[in-house]
Structures are given as C-alpha cells and as structure tokens.
Amino acid sequence: MSTQSILLIILAGIVALFLALFQYKYKTKSALKDNALFILLRFITYFGVFLLLINPKFEYNSNYFVKPNLVIAVDNTQSISYLKQQDNTKSTLSFLQNNSDLNEKFNLEIYSFSDQIQVLDALEFSKKQTNISTVFKDLNELYKNTVAPTIIITDGNQTLGNDYQYKANQYNQDIYPVILGDTVTYSDLKISQLNVNRYAYLKNKFPLEVILVYNGNDAVVRDFTITQKGKLLFKKQLSFSKEKTSEIINISLPTSTIGIQTFQAQIAPISTEKNKTNNLKNFAIEVIDQKQKIAIVSTVLHPDLGAIKKSIETNEQREVVFFKPNEVLSQLKDFQLFILYQPNNSFKQLFSALEEQNKNKWVISGLKTDWRFLNSVSKNYNLEITSQTEDYQASLNQNYNNFIVDDIDFESFPPLKSNFGTPNFNSPYQTILFKTVSGINTNQPLLATIDVNQRREAILFGENIWKWRAQNYLNSQQFTDFDNFIGKIVQYLASNKRKNRLLIDYKSFYNASDNITINAQFFNKNYEFDANANLTISIKNKESNALINRPLILKNNSYQVDLNGLDAGDYAFTIESSDNISSSGNFQIIAYNVEEQFLNADVTKLQQIATNNNGKAYFVNQKNELLQDLLSNNKYLPILKTNKTTIPLIDWYYLLFIIALSLASEWFIRKYKGLI
C-alpha cells in the first residue's frame, strides 16, 4: 500500500470520527448513555464509505517452485522396426516415464516424431519418413524461454529435411541422444543415391546418375545392372575395396513409349551382406511427347523474372525463354503461353498478334507498367490511372474454382508494389487473390483469371513476387509450395480445356515412401465451391483387380483422401459425387522404402549433437547412467517464483456487509429506543 493511501485512510478516520461526534455529541443536547454506541456505529459507516472512495490496494506475494521440463522425443518410423529396436525403444521410454525420482524432479513432456513431431499417442513404428531437423525446430519454438533438457530416442538416420546437426546447433537446450540400432560395422554394398528427372521426352535419352557406396575391408567385384520389365538395359562390372569405397555412374537411357516407365537399378549383393534391401532401387519417369514452352516478354530487368522462371521450370515438362517484344513475334506458334511483364507501348504489335492468333497470356503489372497503353489494348480490364503507389498484401479467395489453390500462408508474404487505383473488368473474371491493405480486405483483385472466347488470361496487379518465393522458403525451408502455385497458374493458362465441376489434383507416380494424397474440388451448378459435397474414390489395382472405396474429407478449400498404405503397383481411380459427376485418372506406386536403406545407427552424428549441446550420448543399455546424470545435474533445479497479487479494497465485499450492518444496527437501536 502506498504512503498516499495510508495518509488518506488516516484522514478518513479523523473525518469519520469528527462527523460521528458532531452528529451525536454536538447536535444532540441530551446526554444519552447510548450515544457512545451510536457514535461507534456512525463512525464505522462513514469510515467504510470513505475507504470505498479511497479504494486502497493491498499487495501480497505467494512463492512456489517450478520444476524444469524434461522433453523426450521418440522415433516412430519404420527404420526402428527394420533394425528390430521396437522393444528397446518401448522399454527405454517406459523406464524413463515411470521413474518416480525423475518425475519428482522434472515435468516430463513426451513426443513422437517421423516427418513431423506430435504429442505421443502410440508407438507403431509405421511412419515412412524421418525428419529429425523438424524436431529441434519445433521444440525450440515451444521451449525457447524455459529449461528443457531433451532426450531423443532414435537411430539418427534421417530421410527428409535439412541436416539436423545444423538445427540442433540452433536448439538452446541440452541434448541427450539414446542411440538405437546395431553399432557393429558390417560389410555393405548399396545404392546410396539415384538421381533422375521426373519427365523425359519421346525418342530421346534421359540422364541417370547413380552413386554406389561400399563399406568393408575386402576387395569385391560386383555387377551393376539396370533392367526394365526383365529386359537388360545396362550392365557394368564394378570393383570396390577398403581404399575405393564409392563409384558414380552417369549414363543415358532411351525412351520409346509415352507414359510412365519403371526401371530397376541393382548392384549384386555380397554373400555376407546383412542388408540386401539397399542393393536394389526402383525408379520411374514419365515419358511425354513434347515440352510446354512459355515465353516471358519484358523490356525491364527485375528479380521477378528469375523467380518466375525457376518456379515454372521446377516442372521438367516446361521450358521458359526470355524475349524482347519485337523478338518473339516470329515465334508465336512455338509457345503455349506468353507472360508479359510490365508491358509498355513497345508491346503494341505483340498484343495485336496474340489477339489475332487467340493466344493465352499472363500480364504482370508494376511501377514501370504503362497503364495508358495497357488500358487502350486490353478489352477485358482497365485500371484507374494515378501517380500514387500502394503496397498490397494477398488474401486467398477460398471460392476460386478454375483449379485447386492451396493456401500457402499468403497473408504472411511481403506486400507487392503497385499503382494505386481500382481495377475495372469488362469480362467475367475470377479472383484468386484479393488485395489487402493494413489487414483489411479491399475485395479488389490482386490476381485474377479471365476465361472468354476460348482464350484464357491472367492479370497480377503488382511487382516483387520474387519476395513471395523467398518468404515461402523462410516459412517452410523449401520453395515447393510457391513453385506449385505458379505451376498451377501456368498449367491452367497454357490449356484451353473446358471447365469441369469436379477438379482433381494428383501425381502420375509416387514412391512408396511418399505421402500419397489426392485432392479434389467440387462446384455446384453455378460453379461455386460446394463444402457439403459427398465425394468417394474408387481405386482399382490393375494387376490384382482389388477394389478400394474411400470417402474424401473436406480440408480447407478442397477435399482430400490419404492413400498411404497402398501396395506398390499400377492403379486406376474414379472420384464420384453423389449426383453422379465423376473424374478419373491413373497413378503408379513405385516399390521403395527409404527407411529400410540403413544398416546401422548414425552414432557419429548423434554423439556430435550431444557434444555441441552440452549433453551426452547413450546406448540403450546405458539407461541407468542417463538417469543418474539427469538426477545429479545441478543445472536442472526447481526455480523459485513469486506471484505478486494486488487486490483493491472495493473487491472485498465484506466491507459492504459491515457498512450495511452498521446502518441497520443504528436504525434498529434508534427505533427500539423510540428516537425515530
């Protein structure tokens, strides 16, 4: 309580006493013996009211201890079962989880991880990918301001994501790896990596790079072969020794048939080899007849051009060529789409030629766009001409229905720079992204598509889209989401297929260890997204004729079905709505389990992250040593915290009761004495 409040309370007591004496001593001439009681009761009333007006605040402190967290992250992937470490994993977790001393000293927080981390539900060891880097990334966000030593129970073999040593260095907690798996070194010959493009072209050759690794002391000679449906395409005899532990093979293979072509690469195993699964790898390519060619036409140099080219060419089916406006006029028939970047008057002939040949285009405007020219040549839209500029952020239109657009966290992307003004459309259009200013959606299109007279067009009102690609990498450590977004726009604009009420999105082939999903969007008769549709998928294995029927689940602005668990093979599928609208497709699952490619635990890397993060690595038979080290470490002591609570007197409802009781008592006594 402050000094000012204390002085006011003293003053209130004096004033309350003076008023009580004034009323019952000075004003009352008769010397009633009950005056003292009346003075006391009136004093209590006045003093209580004054206290409420002053409303002093009382503070008190409560002390309590907070135990440090002990984070336990458990590998829940197929590599654990392949290395026969399920029992060791479960027993280690149970030992730590049920130890009373450990629970007394720490708050145990237990997670499981595979390609992502989650609170532990059950250990099934069925997940197909391991991403240890995301464990340290996500845990760092959760425990950045606390003491949380971390036990990670794993074999240390990662199949997905960034190098986890780098992420572990950014993790500000002590790390204690418990190493699962055999540490004995066996002779092993394996296909370490196989690099091949997803697409190839008919009657062409496609490049293939294979990296083979040998671990052993004896000299060995083995045949490496590539076959397709039992037919030998390539064979080479390779020699390995203690000194020569790897071989890189670069070859080109021919294509003769359109469609998905599967191959098998194999290095003959050593007779004493323990893991023969990693001696063989299936791979596939999709053979297409021709490559889509996209022309980017610009008279200015801008980082957007490079970002768009990289995004488009991540799909090997597409090729991007840069032109000046006058250079492309003689080659219009060679391209399926024209991206016109910040057009000005020099584009006049090109616009006329594209209109005459009914070509699809994507116009991207910016601060160097000549809107007087663009307004004069565009029949579909125009923009109010002003000298002002504005920064616009993006907001996804969930009802866009020309193709499936995933929300890649557009609202986190930097704003695009554009001319200030309201766009006006003269033709039917659909908005993909709305303009947002200071978090307020303007309902004006930032990116829109137009489909009229069998010609498709898109308009983006803003430059600096290269920043979006960079932000996407900061958000997810990859460019994939942004590149897919640009790829879908290009795919839509480069085609003139009739719009369908049921759109499907899938890949032509998957590796068995991939996350296999098919997405769909369904629209009503007005081409508005229908969030209440009943969609089912029927999947047929072309070899066994086995049929699988599953429902599609609504997720954000699309429907999705998870097909993980399907065996390798060729499949045909049909997605059908309750009112008999359907779309069909085919895909292939390639037999390959990346989690079965490891023979040993990665002891060196796990020991390294322990050393770098002030921890220590343990093997599964050293559980007691780990326990003792945690219990005896004085860094992990409970923290004494003080909770300071401030309570205003007005919240103390007993004071109101005392005032009411005082007034009631005074009135009752005066009434009883006949004074009123």
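Strands 7, 9 and 12 form an open three-stranded sheet in the order 7-9-12, paired antiparallel. This is a predicted model, in which local features need pLDDT of at least 70, side-chain atom pairs count only at pLDDT 80 or more, and totals for chains, interfaces and linings use all residues. Residues are numbered from 1 along each chain as its sequence is written, and side-chain values use heavy atoms, without hydrogens and water.

**The sheet**

- Strand 7 (188-196) and strand 12 (246-254) are the edges; each has a single partner strand, so one side of each lacks a neighbour in the sheet.
- Neighbouring strands are turned by 25° against each other on average, direction ignored; the axes are lines fitted to C-alpha atoms.
- Strand 9 (residues 205-215) runs antiparallel to strand 12 and is joined to strand 12 by nine bridges.
- Pairing requires at least two DSSP bridges between two strands.
- Glu 209 has Asn 250 in strand 12 as its bridge partner.
- Strands are DSSP runs of E with at least two residues, helices are runs of H or I with at least four, and both are numbered from the N terminus.

**Helix 13**

- Val 603, Leu 606, Ile 609 and Ala 610 are buried in helix 13 (residues 603-612).
- These residues lie on the same side of helix 13 because they cover an arc of only 135° around the axis, taken from the directions from the helix axis to the C-beta atoms.
- Thr 604 and Thr 611 are exposed on the face turned away from the buried side.
- Buried means under 20% relative accessible area and exposed over 50%, with partly exposed in between (1.4 Å probe, protein chains only).
- The cover over the buried residues includes helix 6 (132-142), strand 5 (150-154) and helix 7 (164-169), with contact meaning heavy atoms within 4.5 Å.
- Asn 614, just after helix 13, takes a positive phi of about 60°.

Methods: Axes fitted to C-alpha atoms, helices over the stretch in contact; angles between N-to-C directions.
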